[in-house]
Amino acid sequence: MTLRFHEISESRHRILNPFTADKLRLLGQICAGDASTRVLDLCCGKAEMLCTWADAHGITGVGVDISAVFLAAAHERAVELGVADRITLVHADAADYLAQNADQFDVVSCIGATWIGGGLAGTLDLMRPRMTANGLAAVGEPYWIDPLPEGLSVLEVEREQFETLAGTLELFRETGFDLVEMVLANTDDWDRYVAAQWATVDRWLDANPGDPDAQAIRDWITAGQRSYLSVDRRYLGWGVFVLRRSA
C-alpha cells in the first residue's frame, strides 16, 4: 500500500481511525487538561484531535505528519475552528522529527501509527523522552479480541504484531508504563471507518478510471474488504490507551 492510497481512501474522513467524535472528546476530557497543556501528536493526520482539543480545552499543540495532503486539511480545520494560532503543523517523518527535536510535552500521542517505531514497544520508547516528568502518553493500537484460531492466516503479519488486551497490558508494563485509562472502538466504529473508505474509493475509481494507480487501489480495497469481513470485524479490536511512566 502507498501513502497515496490512504490519502484517496480517507479523503472524506475527518478522523483517520475507527473512532467517533464523541470518543475523541472523551479522550480530551481524560488527557487535555487546560490551556497550559502542550500536546505533541505524532502522525497527526488531519489533526482533528489537536484542533478539537484546542477548541474545547485551549491546549496548544504540535502535529507531525508525512502527508502534505492531510496537513492541508488539518490547516483548514484549524482555521475553521479558530485555533490556527494554537496549533503548529509540521510536514515530516515522525521518527525523524523526534530525533531532531528535544522539546517535552504534557501529552505525547501516536494514534494508530506505531509503525514509526517498528511496533508498540519501539514507539513508546520513542515517545518517552518527549514526555514531561508527569506527562501522559496516548497510543492508539489494534489488539486481538480473541486469539485467531489456527488456520486463519489472512492477517499473518498482524497475528505476530498485535496482542490481546491482557497481552497489551503486559507489554505496557514491560516497556515501563502504567495503564491509566482507555477508550475503545466498537464494531460500529470499525464499520463506519472502513466502509466509508470503500465508498470513497468507489467514487474515486468512477471518476478516475485512467489513473495509473486505479487497478492497484482497486485490488488494495478489495483485499481489505475480504480481510475485514472474514477476520478483522470479529477478531480485531482497536483503542486508545492512556499511559504514564512507571514510578
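## Sheet and helix packing

In β4, Cys 110 is the bridge partner of Leu 42. That pair belongs to the parallel match of strand β1 (residues 38-42) with strand β4 (residues 105-111), which extends over 4 bridges. Here strands pair if DSSP finds at least two bridges between them, and helices (H or I, at least four residues) and strands (E, at least two) are DSSP runs numbered from the N terminus.

A word on the source: this is a predicted model, in which local features need pLDDT of at least 70 and side-chain atom pairs count only at pLDDT 80 or more, while totals for chains, interfaces and linings use all residues. Residues are numbered from 1 along each chain as its sequence is written, and side-chain values use heavy atoms, with hydrogens and water left out.

**The sheet**

Let's step back to the sheet. It is open, has 7 strands in the order β3-β2-β1-β4-β5-β7-β6, and its pairing is mixed. At the edges are β3 (87-91) and β6 (177-184), each of which pairs on one side only. On average, neighbouring strands are turned by 20 degrees against each other, direction ignored. Angles run from 0 to 180 degrees between N-to-C directions, and axes are lines fitted to C-alpha atoms, for helices over the stretch in contact.

Strand β7 (236-245) has antiparallel partners in β5 and β6. The table puts these pairings beside the parallel one.

| Strands | Sense | Bridges | Facing residues |
|---|---|---|---|
| β1 and β4 | parallel | 4 bridges | Leu 42 and Cys 110 |
| β5 and β7 | antiparallel | 9 bridges | Ala 137 and Leu 243 |
| β6 and β7 | antiparallel | 7 bridges | Asp 178 and Arg 244 |

β7 is also mostly covered, with 8 of its 10 residues buried; buried means under 20% relative accessible area, exposed over 50%, and partly exposed in between (1.4 Å probe, protein chains only).

**Helices on the sheet**

Which strands does α2 lie across? They are β4, β5 (131-144), β6 and β7, and α2 runs at about 150 degrees to β6. Helix α6 (residues 120-127) packs on the sheet too, touching β1, β4, β5, β6 and β7, and its direction makes about 160 degrees with that of β5. Contact means heavy atoms within 4.5 Å.

**Helix against helix**

The axes of α2 (residues 21-31) and α3 (residues 48-57) come within 10 Å and cross at roughly 60 degrees. The two helices are therefore oblique to each other; angles under 35 degrees count as roughly parallel, over 145 as roughly antiparallel, 65 to 115 as roughly perpendicular and the rest as oblique. From α2, the contact uses Leu 24, Leu 27, Gly 28, Gln 29 and Cys 31, and from α3 it uses Glu 48, Met 49, Thr 52, Trp 53 and His 57. These residues divide into 5 nonpolar, 4 polar and 1 charged. Ala, Val, Leu, Ile, Met, Phe, Trp, Tyr, Cys and Pro count as nonpolar, Asp, Glu, Lys and Arg as charged, and the others, Gly among them, as polar.

α6 and helix α8 (residues 165-174) pack at about 40 degrees, with axes 10 Å apart. Leu 120, Ala 121 and Leu 124 in α6 meet Thr 168, Leu 171 and Phe 172 in α8, a contact of 5 nonpolar, 1 polar and no charged residues.

**The loop before α6**

Gly 119 sits in the loop between β4 and α6. Is Gly 119 buried or exposed? Gly 119 is buried, with a relative accessible area of 7%. Leaving aside neighbours within four places in sequence, Gly 119 is in contact with Thr 114 and Gln 161.
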